[in-house]
Amino acid sequence: MRLKELEGYLQRVRPFKDPKILLEQYPTSPHIASHLLYTMESTYADIDGKVVCDLGVGCGILAIGCAMLGAGLVIGCDIDKDALEIAQHNAGMLEIDNLELVHLDIGSRPGSHLPPLPLMRADTVVMNPPFGTKKNAGIDMNFLEQASRRRCQDFGLQMEVVAELRFDVPQMYKFHKKKSVDVEVDFCRFSRTIPLNN
């Protein structure tokens with residue numbers, strides 16, 4: 001699938017109607033999602049035929065994009081049942097049939113205290129974690145800890161900043177004073193430096 005075709009499909013993904021501020025439900029734009037996923041597949045072969053887990057699936061834009069790029073199975077996890085319903089609707093609208101959605105709290109506890117996901121090990125983990133602002137300080141690090149734990153059983157990882165991006169946060173909540181704000185974010189890829197112990 002070509003990049004522009006992927007972005008076109010992802011533009012059809014319905015965003016949150018009533019985003020929840022405490023869950024920091026800021027939508028990932030189709031532009032960023034398509035470029036991130038296309039790079040993951042075309043440069044690193046991290047999606048096609050793989051088991052992909054989307055932590056904090058939200059409306060499903062990353063999970064759906066992974067399915068469109070040929071993931072064998074995509075598992076989307078979220079604490080918000082409303083988000084899971086939207087993701088299910090979006091997957092159905094785009095005729096995605098290899099997405100399993102799981103109601104799971106990823107961010108409120110350290111990764112070592114989470115129940116196991118319904119798979120032994122994901123090949124690839126994708127996520128756009130909460131920023132960890134206001135009342136959610138540290139939640140971003142809980143997501144990273146969980147992602148690295150799910151990606152490999154111990155922390156023998158190497159991180160590479162693939163790109164520095166500007167994430168557009170539109171005016172969504174009453175306290176937002178500007179029409180939109182660009183937030184600097186990093187597109188990071190973690191890879192193993194030591195083999196998995198089976």
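In this predicted model, the cysteine sulfur closest to that of C77 belongs to C53, and the two sulfur atoms lie 4.1 Å apart, which is too far for a bond. A disulfide is a covalent bond between the sulfur atoms of two cysteines. The cut-off for such a pair is 2.5 Å, and a search of the whole structure finds zero disulfides. C77 itself is buried, with a relative accessible area of 0%.

**Strands and crossovers**

C77 also takes part in strand pairing, as the bridge partner in β2 of L55. Strand β2 covers residues 73-78, and five of its six residues are buried. Strands β1 and β2 run parallel and are joined by five bridges. Between these two strands the chain passes through α3, and the resulting β-α-β crossover is right-handed.

On to the next strand, β2 is joined to β3 (residues 99-103) by five bridges, and this pair also runs parallel. Here G76 has L101 of β3 as its bridge partner. A right-handed β-α-β unit is formed by β2, helix α4 (residues 81-93) and β3.

**Helix α3**

How many of the eight residues of helix α3 are buried? Eight of the eight are, so the helix, which spans residues 61-68, is largely enclosed by the rest of the structure. Among these buried residues are I61, I64, C66 and M68. After α3 comes G70, which has a positive phi, near 100°.

One contact to this helix starts from D54, a residue of strand β1 (residues 51-55). The side chain of D54 reaches the backbone nitrogen of A63 at a distance of 3.2 Å. Leaving aside residues up to four places away in sequence, D54 touches L62, A63, I75, G76, C77, V126 and M127. D54 therefore has partners in α3, including A63, which is among the buried residues of that helix.

**Accessibility of selected residues**

The table sets out four residues with their relative accessible areas.

| Residue | Relative accessible area | Class |
|---|---|---|
| D54 | 1% | buried |
| C59 | 9% | buried |
| C77 | 0% | buried |
| A45 | 40% | partly exposed |

Is A45 buried or partly exposed? With a relative accessibility of 40%, A45 counts as partly exposed, because the buried class ends under 20% and the exposed class begins over 50%. A45 lies in the loop between α2 (30-44) and β1. Not counting residues up to four places away in sequence, the contacts of A45 are M40 and K50.

**Nonpolar cores**

The largest nonpolar core has 30 residues, of which L37, I64, C66, V74 and I96 touch the most other members. Helices α1 (3-10), α2, α3 and α4 each supply at least two residues of this core. Which element gives the largest share of this core? That element is α3, with seven residues.

I64 shows how one core member meets other parts of the chain. With residues up to four places away in sequence left out, I64 touches L10, V13, C59, A87, N90, A91, L94, I96 and L99. Apart from the largest core lies another core, of nine residues, among them I75, C77, L104 and V125.

Technical notes: Residues are numbered from 1 along each chain as its sequence is written. This is a predicted model: local features need pLDDT of at least 70, side-chain atom pairs count only at pLDDT 80 or more; totals for chains, interfaces and linings use all residues. Side-chain values use heavy atoms; hydrogens and water are left out. Buried means under 20% relative accessible area, exposed over 50%, partly exposed in between (1.4 Å probe, protein chains only). Helices (H or I, at least four residues) and strands (E, at least two) are DSSP runs, numbered from the N terminus. A polar contact is a pair of N or O atoms within 3.5 Å; within protein, one must be able to donate a hydrogen and the other to accept it, and residues adjacent in sequence count only if both atoms are side-chain atoms. Contact means heavy atoms within 4.5 Å. Two strands pair if DSSP finds at least two bridges between them. A crossover is right-handed if, with the strands pointing away from the viewer, the path from the first strand over the helix to the second runs clockwise. A nonpolar core is a set of buried Ala, Val, Leu, Ile, Met, Phe, Trp, Tyr and Cys residues joined through side-chain atoms within 4.5 Å.
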